[in-house]
Amino acid sequence: MKVPLLSIMGVFAKIGAFTIGGGYAMIPIIERELTRRGWMKEEELPDVIALAQSAPGVLAVNVSIFTGYKLRGVKGSIAATIGAVLPSFLIILAIAMFISNFQDQPLVIKIFKGIRPVVVSLIAVPMINMARKGNKCWWQWLITAAALVAVAVMGISPIYILLTVIVGALAICAAIDHKKKEAGR
């Protein structure tokens, strides 16, 4: 069955409109909306997130592009992207028009300070859930913990961590292949 373009745009507009913090904070809503409709399997989401992160641009927009394309090709990508971006654009436009008069008000400052911990938890929960689903053995947990410490504590760029893991994985695969060839002789 062909998913209507307006449905795709509507779902991503809902995701874009009701997520404070963007990016990683959107992951729980993205997961719920897409899996509930059968547009994506729960097991696919970590791969989609990884793909979206590796592409230039905003995470939520990249996920919308990928999902829209999967559902309806280029037209689906366009509909999903418009849906994901339009609510944020309109909200930011409204805030820009009205907040400049209120940004220094103590109540507004308190509201934004109160929102921060919620955004942190909205980011942390899907990351923990993805780690639980993706890490099946001790060495995967070890890599996860090492990457977390490297980024959060040591301030190492995630790019260097990804490159290190890729090179390490390739070296391990090459060593395993070499051992298999040696054993086969």
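How do α3 and α4 lie to each other, oblique or roughly parallel? They are oblique to each other, because angles under 35 degrees count as roughly parallel, over 145 as roughly antiparallel, 65 to 115 as roughly perpendicular and the rest as oblique.

A word on the model first. It is predicted, so local features need pLDDT of at least 70 and side-chain atom pairs count only at pLDDT 80 or more, while totals for chains, interfaces and linings use all residues. Residues are numbered from 1 along each chain as its sequence is written, and side-chain values use heavy atoms, with hydrogens and water left out.

Here are the two helix pairs (helices are DSSP runs of H or I, at least four residues, numbered from the N terminus; axes are lines fitted to C-alpha atoms over the stretch in contact, with angles from 0 to 180 degrees between N-to-C directions).

| Pair | Angle | Axis distance |
|---|---|---|
| α3 and α4 | roughly 120° | within 8 Å |
| α2 and α5 (residues 106-134) | about 60° | 8 Å |

Where α3 meets α4, the contact (heavy atoms within 4.5 Å) includes Val-48 and Ile-49 of α3 and Val-63 and Phe-66 of α4. In the other pair, Ile-27, Pro-28 and Glu-31 of α2 meet Leu-122, Pro-126, Met-127 and Lys-133 of α5.

Now to the largest nonpolar core (buried Ala, Val, Leu, Ile, Met, Phe, Trp, Tyr and Cys joined through side-chain atoms within 4.5 Å; buried means under 20% relative accessible area, 1.4 Å probe, protein chains only). Among its 22 residues, Ile-8, Phe-12, Ile-15, Ile-30 and Val-63 touch the most other members. The largest share, six residues, comes from α4.

Conventions. Buried < 20%, exposed > 50% of the residue type's maximum accessible area, 1.4 Å probe, protein only.
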